[in-house]
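The following exchange takes up selected local features of one protein model. Please consult the sequence and the coordinates alongside the text.

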Amino acid sequence: MTFNSLQYLIFFPIVAILHFVIPTKYRWIMLLAASYYFYMSWNPNLVFLIAFTTAVSYASGRLMAGTDSKNARKAYMIVTVVACLGVLFFYKYFNFLSSSVTGLLRLFRLPVEDHLLDLILPVGISFYTFQTLSYVIDVYRGTIEPERHFGYYALFVSFFPQLVAGPIERPQNLLPQLKAEHRFSADDLREGLKIVLAGFFKKVVIADQLATYVVAVYSNPEHATAPAIILATVMFTFQVYCDFSGYTDIAVGCARIMGIRLMQNFNLPYMSRSISEFWTRWHISLTSWFQDYVFYPLATNKKLSRWARKLGKKYNNRRIGVMLPQFVALFVTFFLSGLWHGAAWTFVLWGCIHGVYQIIGKLTEKSREDLCAKLRIDRESKLWHAWQIFIVFWLGVFALIFFRANSVADLGILLNNLFTNWRFIDLLDILQIDETGLITVFFSIVSMSFVDRLLVQGWPMRSLPGGGTLLKTETAGFLLIAIIVSWFMLMAGDGAAAFIYFQF
């Protein structure tokens, strides 16, 4: 069951109505049952995985609460992290690691056979695993109290709007809201419908349209010219954003209708003026997760800091001792971020590129400031900001070639063609697009920018003579009709296209 399907069109209104009708103390039962039904609609045979992860992390939290021994608490935390990551590793990375080791051994001409398992990647496993890990680690650190009610905790892990593709919620935000009493609110309904509509627009109108042209190039890398690769990757830049942020918008909007506010996951990322700023605007829930549980612990690690200081003294460079722990933490964080996105070296390389981008940015920050001062460039001018946005956008586009390539072999072909094959003939044929299609893509992207700004900056209401605003019910009614029409258009077409981040 996907958000952009007829089943969900029937499922969600029923759940939303029951959410307000059932008494608060029993509501969690209905929501938990609905969430597990939603998850099992993908593959009922894999429901035991989310149940196992939920039970282990819940038990760990209770056990940590029942002891004052620091060593025991640490042991419970480590066992839980190993258990949850073990499940994630087995289903998502076993075949990747096995094939990588086999390929390495064959480079040395060793006779080895493939050892691959017939595994189905459980949908959303990366998301709910990280959600349970944040809970366990926060309980261990003492920043939150362990949840005593197993039902509410299970609902926190499996809450259906954000279950399969985030945002990755923190217990501090979601658990109290699941317990709170929620009464129907016309404001929540109106705002939720607006966000849902924006999500459907980005997914159905833009992402699914662009996917056709992107696939035409990336499925035939041998025939792709440099202009075709660039244009297709720019299209993919907006496709992946509209696809993922579209899912998030629908998830946030559906939760908002029920009175629950999920965290913001995107904030105009393509308006970033640096790569580090980009990662504070893109997939915010994942970035903040890696920041809190990987980057900060590494950057402040005492052993790593001592080693860096010794290295700095050896080479008589104090800057090494100060910055090296940050650089190591940055690179490891983005290496793991790339690996989180997919069990393929293309994703790992993409993550490493973003790590290198940030390291280079920090190394050259002072020299770039000095150069601007020497050239008397006003760093606060709109023109300079536009130039920074332009550079960051194209750095991101280049990195996405690695992300989108179907394999390392395809990546090599694409990069070779990118730097050697600059023929402009047959460009539209390679993309399988015509002039009308290009115009449609352009106006779709412009429309997306307008919709995104409305979501971030608010939806303006027209003032009426004598005060007040245009009737809110008219806005809500129009949006509801628009969503229904979009669903009927979807059903009249080729069916619902899966969201990209479901594979992660």
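The questions below treat helices, cysteines, backbone angles and individual side chains in turn.

User: On what basis are residues numbered, and which confidence limits apply?

Analyst: This is a predicted model, in which local features need pLDDT of at least 70 and side-chain atom pairs count only at pLDDT 80 or more, while totals for chains, interfaces and linings use all residues. Side-chain values use heavy atoms, with hydrogens and water left out, and residues are numbered from 1 along each chain as its sequence is written.

User: How far apart are the end C-alpha atoms of helix α1, and what span should its 16 residues have?

Analyst: Helices are DSSP runs (H or I, at least four residues), numbered from the N terminus. The expected span is 1.5 Å times one less than the number of residues. For α1, residues 6-21, the end C-alpha atoms are 24 Å apart, in agreement with an expected 22 Å.

User: Within what arc do the buried residues of α1 fall?

Analyst: Buried means under 20% relative accessible area, exposed over 50%, and partly exposed in between (1.4 Å probe, protein chains only). The buried residues of α1 are Tyr-8, Phe-11, Phe-12, Val-15, Ala-16 and His-19. The arc is taken from the directions between the helix axis and the C-beta atoms. Seen down the axis, these buried residues line one face of α1, because they fall within an arc of 125°.

User: Which exposed residues does the face of α1 turned away from its buried side carry?

Analyst: The buried side of α1 includes Phe-11 and Val-15. On the face turned away from that side, the exposed residues are Ile-17 and Val-21.

User: At which residue does α8 bend, and by about how much?

Analyst: Helix α8 comprises 33 residues, 186-218, and reaches 45 Å from its first C-alpha to its last, close to the 48 Å expected. At its start, a side-chain oxygen of Ser-185 comes within 3.3 Å of the backbone nitrogen of Asp-187. A bend is the angle between axes fitted to the seven residues ending at a residue and the seven starting there. In α8 the bend lies at Ala-207 and is about 35°.

User: Why is Cys-242 not bonded to the closest cysteine sulfur?

Analyst: A disulfide is a covalent bond between the sulfur atoms of two cysteines; here it is counted as a pair of such atoms within 2.5 Å. A search of the whole structure finds zero disulfides. Cys-242 is buried, at 0% relative accessibility. Its closest cysteine sulfur, in Cys-254, is too far for a bond, because the distance is 18 Å.

User: What is the phi of His-283?

Analyst: Most residues other than glycine have a negative phi. His-283 lies in the loop between α10 (275-281) and α11 (284-299) and is buried, with a relative accessible area of 1%. Its phi is positive, near 40°.

User: What is the phi of Asp-426?

Analyst: Asp-426 occupies the loop between α17 (408-420) and α18 (427-431). Asp-426 is partly exposed, at a relative accessible area of 45%. Although Asp-426 is not a glycine, its phi is positive, about 65°.

User: Which backbone oxygen lies 3.2 Å from a polar atom of the side chain of Arg-170?

Analyst: Arg-170 sits in the loop between α6 (150-158) and α7 (171-179), and is buried with a relative accessible area of 14%. Contact means heavy atoms within 4.5 Å; beyond four places in sequence, Arg-170 touches Ser-134, Phe-156, Ser-288, Trp-289, Asp-292 and Tyr-293. The backbone oxygen 3.2 Å from a polar atom of its side chain is that of Ser-288.

User: Which backbone oxygen does the side chain of Thr-102 reach?

Analyst: Thr-102 belongs to helix α4 (residues 70-107) and is buried at 6% relative accessibility. Leaving aside neighbours within four places in sequence, Thr-102 is in contact with Val-112, Glu-113 and Asp-114. At 2.8 Å, its side chain reaches the backbone oxygen of Ser-98.

User: How many Å separate Tyr-58 and Val-136 in space, C-alpha to C-alpha?

Analyst: Tyr-58 is part of helix α3 (residues 47-65) and counts as buried at 13% relative accessibility. Not counting residues up to four places away, Tyr-58 touches Glu-147, Arg-148, His-149, Phe-150 and Tyr-153. Tyr-58 and Val-136 are 78 residues apart in sequence, and their C-alpha separation is 8.0 Å.

Methods
Helices (H or I, at least four residues) and strands (E, at least two) are DSSP runs, numbered from the N terminus. A polar contact is a pair of N or O atoms within 3.5 Å; within protein, one must be able to donate a hydrogen and the other to accept it, and residues adjacent in sequence count only if both atoms are side-chain atoms.
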